[in-house]
Amino acid sequence: MLKHVAVGVTALTLAFSAVASEKGTADEAMAMVKKGVALIKSSGPEKAFAEFNNPKGAFVQKDLYVMCYDMLGNNKCHGSNAKLIGKNLLEIKDADGKFIVKGFIDTAQKSGKGWVDYKWPNAITKVVEPKSTYVEKVDDVLIGVGIYK
């Protein structure tokens with residue numbers, strides 16, 4: 001009986017480790033943003049946005065994906081939810097009433113880049129979790145990649 005419990009616990013631990021390893025890190029998020037900025041600069045925004053929106057492309061890894069907004073809050077690309085593309089999300093709030101996209105824009109305009117913290121439902125667990133998105137301004141848009149903490 002103890003052997004079965006130990007095997008079950010080991011299997012559960014391995015399964016948990018596999019799920020945990022699927023979470024992107026802050027360094028990976030920043031690297032993806034920088035790679036995206038380079039693509040926008042080299043290929044132009046429209047070609048870059050098409051690549052960012054490709055669910056099987058280089059800009060969707062683990063639970064990381066790229067999202068882009070113009071400075072008015074219009075979504076230009078979203079690697080996780082194509083239904084948001086073209087919508088103005090300036091007024092969207094998190095679970096605590098904090099303006100998310102306004103936070104992205106403020107950070108991009110004031111500093112050119114930085115982290116924005118908020119709470120958002122995890123697409124996998126459906127539980128509201130603390131999330132932090134790294135954004136950088138490039139020309140007249142911002143590009144961001146978020147991580148769950």
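In this predicted model, the count of aromatic ring pairs comes to five. A good place to start is the pair formed by Tyr-69 and Phe-104, whose ring centres lie 6.0 Å apart. The planes of these two rings meet at 50°, and the pair is therefore tilted, since only planes over 60 degrees apart would count as edge-to-face and those under 30 degrees as stacked. In the chain the two partners are 35 residues apart, so to speak at a distance: Tyr-69 belongs to strand 2 (residues 64-70), while Phe-104 belongs to helix 4 (residues 100-111). Both ends of this link are shielded. Tyr-69 has a relative accessible area of 4% and is buried, and Phe-104, with a relative accessible area of 2%, is buried as well.

Phe-104 also takes part in another aromatic pair, with Tyr-118 as its partner. Here the arrangement is edge-to-face, with 5.8 Å from centre to centre and 70° between the planes. Distant parts of the chain are again brought together, as Phe-104 of helix 4 and Tyr-118 of strand 4 (residues 113-121) are 14 residues apart. Tyr-118 is buried, as is Phe-104. Phe-104 thus pairs with Tyr-69 of strand 2 and with Tyr-118 of strand 4.

Elsewhere, Phe-49, Phe-52 and Phe-59 are joined into a cluster by ring pairs. One member of this cluster, Phe-59, also has a charged neighbour: Lys-35 lies over the face of the Phe-59 ring, 5.2 Å from the ring centre. A further lysine is placed over an aromatic ring at Phe-99, where Lys-102 lies over the face at 4.0 Å from the ring centre.

Turning to open space, the largest pocket has a volume of about 650 Å³. Its lining is made up of 32 residues, and the closest to the pocket centre are Tyr-65, Pro-121, Ala-123, Lys-131 and Tyr-148. Two or more lining residues come from each of helix 1 (2-21), strand 2, helix 4, strand 4 and strand 5 (128-138). Strand 2 gives the largest share, with four residues. By residue type, the lining of the largest pocket divides into 20 nonpolar, six polar and six charged residues. The elements that hold the two Phe-104 pairs, strand 2 and helix 4 for one and helix 4 and strand 4 for the other, are among those that line this pocket.

Note on methods
Residues numbered from 1 in each chain as written. Predicted model: local features only at pLDDT ≥ 70, side-chain atom pairs only at ≥ 80, totals over all residues. Heavy atoms only, no water. Phe/Tyr/Trp six-rings, centres within 6.5 Å; stacked < 30°, edge-to-face > 60°. Buried < 20%, exposed > 50% of the residue type's maximum accessible area, 1.4 Å probe, protein only. Lys NZ or Arg CZ within 6 Å of the ring centre and 35° of its normal. 1 Å grid on protein atoms, 1.4 Å probe; cavity = no way out; pocket = protein on both sides within 12 Å on 5 of 7 lines; lining within 4 Å. Points joined across faces, edges and corners; volume = space filled by probe spheres on them. Nonpolar A, V, L, I, M, F, W, Y, C, P; charged D, E, K, R; others polar.
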